[in-house]
Amino acid sequence: MLRCCTVCLVVQDGASPRQKNVLLTSRWCPEILSQMDTAVKRMEPWKIAVIVVSVIVGLAIVIGLITYFLCHYQYRYYNAAFLITNIQYDTRYERQTTEEFRYLSQEIENMMSTVFKKSILSQRYIRSHVVSLSPDPGGVLVSVALVFKFASADSTATSWSRVNTVLRRRLKTSSTSLNVDQSTITLTELNEDKGDTLLNNFCGIRRETFSFTGVERIIGGQRAQDGEWPWQASIQLDGTHRCGASVISNTWLVTAAHCFRGAKEPRRWTASFGILLRPPKQKKYVRRIIVHEKYSEFLLDHEYDVAVVELASPIEFTSDVHSVCLPEASHVFRDNASCFVTGWGALENDGYSVNQLRQAEVKIISTRICNRREVYGGTVTPGMLCAGYLEGQVDACQGDSGGPLVHANSRGIWYLVGIVSWGDDCGKPNKPGVYTRVTYYRDWIASQTGI
């Protein structure tokens, strides 16, 4: 049995009562020290290792948490408004898909990029996006959304002050063709939810962090990341993926007419969103299916291969799920323009669909080339367009039908160019993919959806 250790108080001799120093001493019993030493020696090596590892892991967690809170960044959103005095308002600015809106917006966004990228906020600035161009007696009133990345430790007041100071100082000295009335500049902070909602409600915007290098194909190609193609939808018959589709509003999708051959009852169809078929980000029931009235299930000419789908309830727009822009009917996408096609289609001809969305970069091929005898021999009509490569390999495949072919304009806004329609097998030489030309059917889409 262990005995208690003795503890004694030793008082210095010769000290006055007010100056006595009381010292507390303790003497550990030899038996205790001996047993403690024996216990340490008897400890198994694995227990010592566990203790050492636990201490190291604990220290790593503490250091990681400290680093996170000191270095973690968060997005902060602002709305800047000002008057441009040397531009007259054009009624075509009312539609964001017009060339006039694109041209002026790009000038403004370039100006904002120059203002911040050549300032102390160059590492914080992410992007700007023109929200609206409004008429004003003095010119054009501009509203711009600004996105920055600040350390979470920075106060919102400090961040706003820094952005406001740079905006006012550098707009005053900016050497652009746009004259900004300094007295009209205002800067309003938006909370994260409001900022996200504002940008997500604009068509054709996607996250800025993605990079895509080289020419890949859906057949065995590169997988998409969350939010990379937020307008991509899957339409499913009795719970099974049948075709792709594109989100054009929170209640409407556009897809290919041939997806509904033999099955037009809305109650059998659902739509899902996100890069995975299972589990999806969101899922919606279908209220109505409108197939182009001139489309024939029995002819094999692929004409009028377009349909729109109305959802039973609205999609909740997020950075991962929102709409693509529809081009004006008069817009011309140039030959050889770089586009992307996405879908869950087969990785080989007559194969099975995949669970994670894939992407492929393709080039628009002129109808003249596509109608050559060795290609499609004159079967490509004005309502269609070809995209891919004459050498083959890069292509959409079964299960990609109805999905989007998209192109980014000079502002980085993505537009729907085509709808996956048909082709001769998948990735064969001289047999590129053929798509429904969206501009050709733009007025029909507007007449059915109001978009």
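This report describes aromatic pairs, charges over rings and one buried serine in a predicted model.

## Aromatic pairs

The structure contains 15 aromatic pairs. One of them joins Phe 116 and Phe 148 in an edge-to-face arrangement, with 5.0 Å from centre to centre and 80° between the planes. Phe 116 belongs to helix α3 (residues 99–117), whereas Phe 148 belongs to strand β5 (residues 139–151), so this pair ties together parts that lie 32 residues apart in sequence. Phe 116 and Phe 148 are both buried.

Phe 148 also pairs with Phe 150. The rings of Phe 148 and Phe 150 are stacked, at 5.9 Å centre to centre and with 25° between their planes. Both of these residues, Phe 148 and Phe 150, are buried. Ring pairs further connect Phe 116, Phe 148 and Phe 150 with Tyr 78 and Tyr 125 in a cluster.

## Charges over rings

Two basic side chains are placed over aromatic faces. Lys 149 lies over the face of Tyr 73, at 5.5 Å from the ring centre. Arg 206 lies over the face of Trp 229, where the distance from the ring centre is 4.3 Å.

## The surroundings of Ser 128

Ser 128 is part of strand β4 (residues 125–136). With a relative accessible area of 7%, Ser 128 counts as buried, because that class covers values under 20%.

When neighbours within four places in sequence are left aside, the residues in contact with Ser 128 are Glu 109, Met 112, Val 144, Ala 145 and Leu 146.

Notes
Residues are numbered from 1 along each chain as its sequence is written. This is a predicted model: local features need pLDDT of at least 70, side-chain atom pairs count only at pLDDT 80 or more; totals for chains, interfaces and linings use all residues. Side-chain values use heavy atoms; hydrogens and water are left out. Rings of Phe, Tyr and Trp (its six-membered ring) pair if their centres lie within 6.5 Å; planes under 30 degrees apart count as stacked, over 60 as edge-to-face and the rest as tilted. Helices (H or I, at least four residues) and strands (E, at least two) are DSSP runs, numbered from the N terminus. Buried means under 20% relative accessible area, exposed over 50%, partly exposed in between (1.4 Å probe, protein chains only). A charge sits over a ring if NZ of Lys or CZ of Arg is within 6 Å of the ring centre and within 35 degrees of the ring normal. Contact means heavy atoms within 4.5 Å.
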